[in-house]
Amino acid sequence: MGNSSVHTPLVDAIKDLIQDSNFHCRDSGIALQNMDNSQVAVVVILLEAGGFLPYHRDRRLNLGISLTSLTKIVHYAGDEATLALKANDNPDTFNLVLECLQTGCIKYDIKSRDIDQEHLEIPKADYAATITIPSAEFQRICRNLSQLLESVANEASEERIKFSSSSDIGSGSATLRHNSDLTGPIALTISLKYLVNFSKATALSYSVTLSLSSEVPQLVEYKVESGFARFYFAPQIGEEEEKGYLA
């Protein structure tokens, strides 16, 4: 499955959103699609076959994996180790093998979980704003604002995006220049809890793309050399978060 420097930030970004999920092994690579525990966000991950060293699959497989267990394994591996996944045609169990030049090899035999999971159809959307900013700056802003505040208002114009929020405790704001495609100014209120979770994928890519609209679920996307991590979620409406936005 390649170097753990890719898998660790991926798992970190979803472990607090999803407890268990099916990993779909296909000709194109390994994919994950699941709704978070609160049914507010949808996680879509694709690791293309070309990014693995090597990738071999005899038939389509679905592996039910505990994200809690997977998190412990990839963190133990460290950034210098490679992670190999092996499964038979009837994968009641599968193998995860950590290989490191300095410490040798560690093998785990893990039971595949039977997870009843529906496929979610994500409609194509025309966004009012598609904004690309440095991922490290995005993570820093989300973390700093979340220390005192629960949600953030995003205001995007042709040259800048402004993150601002206020509460009984106080207020805060940050402004970044960006590369963008806007059809007009846009303002949305978004839960910082989710943005902080999504930003844990920062190590995957130098930049992050925010696709915003008041009509459809928002999208936070990190692109990797052979794949992507996408997080879809609803903006806040008044005091409540919209749920069930994907059919």
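In which strand is the place of threonine 209? The legends below, prepared for a predicted model, begin with the protein as a whole and then turn to this residue and to glutamine 39.

**Figure 1. Overall fold of the predicted model.** The protein contains four helices and 18 strands. Its 247 residues include 49% that count as buried. Among contacts in the protein with a separation of 6 or more, 63% are accounted for by residues 24 or more positions apart. The accessible surface amounts to about 13,400 Å², and carbon and sulfur atoms hold 45% of that area.

**Figure 2. Close-up of threonine 209 in strand β14.** The opening question is answered here: threonine 209 lies in β14, which spans residues 207-212. Threonine 209 has a relative accessible area of 17%, and because buried means under 20%, this residue is classed as buried.

**Figure 3. Contacts of threonine 209.** When residues up to four places away in sequence are not counted, threonine 209 touches two runs of residues: Thr130, Ile131 and Thr132, together with Leu219, Val220 and Glu221. With one of these, threonine 132, the contact includes a polar one between the two side chains, at 3.2 Å.

**Figure 4. Close-up of glutamine 39 in the loop between β2 and β3.** Strand β2 covers residues 29-35 and strand β3 covers residues 41-48, with glutamine 39 placed in the loop between them. The phi angle of glutamine 39 is near 60 degrees, which is a positive value in a residue other than glycine.

Terms used:
Residues are numbered from 1 along each chain as its sequence is written. This is a predicted model: local features need pLDDT of at least 70, side-chain atom pairs count only at pLDDT 80 or more; totals for chains, interfaces and linings use all residues. Side-chain values use heavy atoms; hydrogens and water are left out. Helices (H or I, at least four residues) and strands (E, at least two) are DSSP runs, numbered from the N terminus. Buried means under 20% relative accessible area, exposed over 50%, partly exposed in between (1.4 Å probe, protein chains only). A polar contact is a pair of N or O atoms within 3.5 Å; within protein, one must be able to donate a hydrogen and the other to accept it, and residues adjacent in sequence count only if both atoms are side-chain atoms. Contact means heavy atoms within 4.5 Å. Accessible areas come from the Shrake-Rupley method with a 1.4 Å probe; for residues, only the protein chains shown count as cover.
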